[in-house]
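User: I have a structure to read and little practice. Can you take me through its features step by step?

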Amino acid sequence: MTEVRLHEVELMPERTLGSPADDGPLRGRLTFGWDLLPADHEGVPAEWLSYVKATPDREFRQLLMVCSFRPETPASKGAFRHASLGVALSTSAPGSQPIARLIDPGERTRPVPSSGTGLKFAVKAGVLDMGVEKPPGANPATEEWIVRGHGASQPNPQWEFRRVKRFPLVGDHPVGALVELVPDQANTAAVLMAAELEHRNWGVRRYRARLGPSPHAIVLRG
């Protein structure tokens, strides 16, 4: 078991043509947290454990992260439409970087019902009769992604989050990476976050996180 402590993230609006002049930082809508665990910690995915056991001469850490999205309030308007979390892995030595060998999830989905309807036309006594037709097996649920990961075996993994029909972008969304460390170096991870919110009056507005060196700089190995 692990406990991830969440920290408030302040979202700064991107200035665009036509954006409100008084558009200030967005607070109280997004929190972020992480935990750093040994590669063989209890509950590690089986694929990760197999990878670690197959490479005993390398050093790994589990980097677990959680983005928590909160619904809009009267004081903080706008619904989350899309968000991204990027991690830049680095060391103090130029040209030497830790690698996110495996990431989780590659894709997380939810079943979304399709409409499965069409229009049927018929002529009865010279009158056009139009109705709604549902074919056999109508309204099958299709799996649509709500979290998608990129960058396995790279030093800069990234995850995207989005809302889909009947599933707003709210609540806790955990992600993780199995990071191969660079030996004899200080290994760190810098976190970058961005989000799109849809406002009734302003349309879609883009924000970026104002992340200071603490608490969002993650030391993987000192």
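Analyst: Start with a definition. A residue is buried under 20% relative accessible area, exposed over 50%, and partly exposed in between. Keep in mind that this is a predicted model.

User: How do I apply that to Ser153: buried, exposed or partly exposed?

Analyst: Compare its value with the cut-offs. Ser153 has 38% relative accessibility, so it counts as partly exposed. Ser153 sits in the loop between β9 (141–150) and β10 (158–162). Look at its backbone too. Its phi is positive, about 65°, although Ser153 is not a glycine.

User: Which class does Arg166 fall into, exposed or buried?

Analyst: Arg166 has a relative accessible area of 63%, so it is exposed. Its place is the loop between β10 and β11 (171–180). Arg166 also has a positive phi, about 75°, and is not a glycine.

User: Why does Ala75 count as exposed?

Analyst: Because its relative accessibility is 80%, and exposed means over 50%. Ala75 belongs to the loop between β3 (60–69) and β4. Now check distance in space against distance along the chain. Ala75 and Arg27 are 48 residues apart along the chain, yet their C-alpha atoms are separated by 9.8 Å.

User: Which peptide bond is cis?

Analyst: The bond from Asp104 to Pro105, with omega near -5°. Pro105 lies in the loop between β5 (99–104) and β6 (107–113).

User: Now the strands. What should I picture first?

Analyst: Side chains in a regular strand alternate between the two faces of the sheet. Then trace which strands pair. Take β12 (residues 187–199) as your base: 12 bridges join it to β4 (residues 79–91), and the two run antiparallel. For one matched pair, find Ser90 opposite Thr188 in β12.

User: Which strand forms a hairpin with β12?

Analyst: β13 does, with three residues between the two strands. Six bridges join β12 to β13 (residues 203–209), and they run antiparallel. Within this pairing, Leu197 has Arg205 in β13 as its bridge partner.

User: How many bridges join β12 to β14?

Analyst: Three, and again the strands run antiparallel; β14 covers residues 218–221. Here Ala189 stands opposite Ile218 in β14.

User: How do I look for empty space inside?

Analyst: Rolling a probe the size of a water molecule over the atoms shows where empty space is left. In this structure, a search of the whole model finds one cavity of 30 Å³ or more. Its volume is about 30 Å³.

User: Which residues line the largest cavity?

Analyst: The lining is Leu30, Cys67, Phe69, Ala83, Ser84, Leu85, Phe161, Met193, Ala194 and Ala195. Three elements, β3, β4 and β12, each give two or more residues to it. Sort the lining by class and you get nine nonpolar residues, one polar and no charged ones.

User: How far does the predictor trust its own model?

Analyst: Read the pLDDT, the predictor's confidence in each residue. The chain averages 84, and 81% of the residues score at least 70. Next, compare elements. Strand β8 (residues 127–133) has the lowest mean pLDDT, 47, and β10 the highest, 97.

User: Where does pLDDT stay under 50?

Analyst: One such stretch is residues 118–122, which has 16 contacts in the model beyond four places in sequence. Over residues 128–132 the pLDDT is also below 50, and that stretch has 16 contacts beyond near neighbours in sequence.

How values were computed. Residues are numbered from 1 along each chain as its sequence is written. Side-chain values use heavy atoms; hydrogens and water are left out. Two strands pair if DSSP finds at least two bridges between them. Helices (H or I, at least four residues) and strands (E, at least two) are DSSP runs, numbered from the N terminus. Buried means under 20% relative accessible area, exposed over 50%, partly exposed in between (1.4 Å probe, protein chains only). On a 1 Å grid over the protein atoms alone, a cavity is a set of points where a 1.4 Å probe fits but cannot get out, and a pocket is an open set with protein on both sides within 12 Å along at least five of seven lines; lining residues have an atom within 4 Å of a point. Grid points are joined across faces, edges and corners, and a volume is the space filled by probe spheres set on the points. Ala, Val, Leu, Ile, Met, Phe, Trp, Tyr, Cys and Pro count as nonpolar, Asp, Glu, Lys and Arg as charged, and the others, Gly among them, as polar. pLDDT is the predictor's confidence in each residue, from 0 to 100. Contact means heavy atoms within 4.5 Å.
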